[in-house]
Amino acid sequence: MNKKRTIIGGIVVVIALAAGYGWYQYNRTVQGLANVSADFTVNATDLIKEFVSSEDATNKKYLNKILSVKGIVKNVEAAQNTVVLGDTSDMSGVRCVLDSTANTTVGSLQKGALITIKGAITGFNKDETGLLGSDVQLNRCVIGN
Amino acid sequence: MSFLIKKGIISCCLILMAASLMAQDKFFTKSGNIQFSSKGAIETIEATHRSVTCVLDSKTGDIQFAVLMKGFEFKKALMQEHFNENYVESDKYPKAEFRGQIVNNSEVNYTKDGTYTVHIKGKLTLHGQTKDVEADGKITVKDGKLQAASKLKILMSDYDIDIPGTVAQNMSDTINISVSCTLEPLKQ
């Protein structure tokens, strides 16, 4: 009798743990990057060059990784919470969408400032029109470090 | 002498005018917005993309969109992971593209402020599959910029996106897509 009770109790505990884990997974929000260390540290212009010279290999190297990108602020698009890093003489850039949940805003960022942005790389948008320049895109970005 | 200078000034003006006319042919953005949602029995799946590229040629009505699939942001992490890994397979198919045309482009006066209803036809490539797509949209011309907006529906099954049986009941095959972009003149 006692043994049966232990078994049933054990099963209940396992189900409760599984349900709890499921509930946690189901509600898990996308992680902020402020306290996550970057997998790679790169220069904005070097990163673009790497993608331009070999898109497939560079995708393999960086996709699903966290990048810390250093570069000159080329443009600030406050409406989209986006900072563009790169060379002003080039249409290409590294477009960083700031993490809206982490209270990061484009704030007082000035064009021409040298900054570092950490973010999750989402890929390389190769320009097929020949007009716009190709961009590396990052999201969930935080400024600094 | 003064005749030559006058002639020079006039030809300079003509060149500048021609250049400015040419420059206004094309409009673009790199920070367009796309949202999609799918209403299931239990919950609604929603995501937003804020780095959509769009180019519109006002002369021909040609319009193109490019979207990096990994750039869609979800509130729930698990949804974002499933979307990338199981549904759109963004490692294998990183980009979605639309190439099409504004069918009634002649009805849009790109130099006059106002709102114009447009009809767009084209091809959408997603998850390695290309399908014909049609949609209605609006173009609002204001201060030399264009505000473009459209809503359309696509079916996941059209793009070979399989939903496993266990979650199929919580997801609709229909995806509602809403596009909103502010296009600026492209300086060439």
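In chain A, strand E3 and strand E4 (residues 93-98) run antiparallel and are joined by 4 bridges. Within that pairing, Leu85(A) sits opposite Val94(A) of E4(A). All of this comes from a predicted model, so the details below are those of a prediction. The other neighbour of interest is strand E2 (residues 66-77) of chain A, which pairs with E3(A), again in the antiparallel sense, over 4 bridges. Here Leu85(A) turns up once more, as the bridge partner of Val73(A). E2(A) and E3(A) make a hairpin with 4 residues between them, and Asn81(A), in the turn, has a positive phi of about 55°. As for E3(A) itself (residues 82-85), both of its faces are covered: Thr82(A) and Val84(A) are buried on one side, and Val83(A) and Leu85(A) are buried on the other.

Helix H2 (residues 44-53) of chain A is a different story. Its buried residues are Ala44(A), Leu47(A), Ile48(A) and Phe51(A). These cover an arc of only 95° around the axis, which is why they end up on the same side of H2(A). The spacing fits the usual helix geometry: an α-helix has 3.6 residues a turn, so residues three or four places apart point the same way. Over on the other side of H2(A), Asp46(A) and Ser53(A) are exposed. At the level of the whole chain, the domain assignment splits chain A into domain 1 (1-30) and domain 2 (40-143). The C-alpha centres of these two domains of chain A lie 44 Å apart.

Turning to chain B, 8 strands close into a barrel in the order E1-E2-E3-E4-E5-E6-E7-E8, with antiparallel pairing. Ignoring direction, neighbouring strands of this sheet are turned by 25° against each other on average. One of the pairings joins strand E7 (residues 145-155) of chain B to strand E8 (residues 174-185) of chain B, antiparallel over 10 bridges. There, Lys153(B) has Asn176(B) in E8(B) as its bridge partner.

Two loop residues of chain B stand out for their backbone angles. Most residues other than glycine have a negative phi. Asp143(B), although not a glycine, has a positive phi of about 50°. Asp143(B) is found in the loop between strand E6 (129-142) and E7 of chain B, and it is exposed, with 5 other C-beta atoms within 10 Å. Asp160(B) also has a positive phi, of about 60°, without being a glycine. Asp160(B) belongs to the loop between E7 and helix H3 (165-168) of chain B. With 12 other C-beta atoms within 10 Å, Asp160(B) counts as exposed, because the cut-off for that class is 12 or fewer.

The two chains meet in a contact that takes 23 residues from chain B and 22 residues from chain A. On the chain B side, the elements giving two or more residues are strand E1 (26-39), strand E2 (44-57), strand E3 (62-68) and helix H2 (77-87). By class, that side of chain B has 9 nonpolar, 6 polar and 8 charged residues. Gln64(B), found in strand E3 of chain B, touches Thr129(A) across the chains, and also Cys54(B), Val55(B), Phe98(B) and Arg99(B), leaving aside residues up to four places away in sequence. Gln64(B) is partly exposed, with 19 other C-beta atoms within 10 Å; a residue needs 20 or more to be buried. Finally, Gln64(B) and Glu81(B) are 17 residues apart along the chain, and their C-alpha atoms are separated by 27 Å.

Terms used
Residues numbered from 1 in each chain as written. Chains lettered and ligands numbered in written order. Predicted model: local features only at pLDDT ≥ 70, side-chain atom pairs only at ≥ 80, totals over all residues. Contact = placed C-beta atoms within 7 Å. Nonpolar A, V, L, I, M, F, W, Y, C, P; charged D, E, K, R; others polar. Domains from an automatic or database assignment. Pairing = 2+ DSSP bridges. Axes fitted to C-alpha atoms, helices over the stretch in contact; angles between N-to-C directions. Arc of directions from axis to C-beta.
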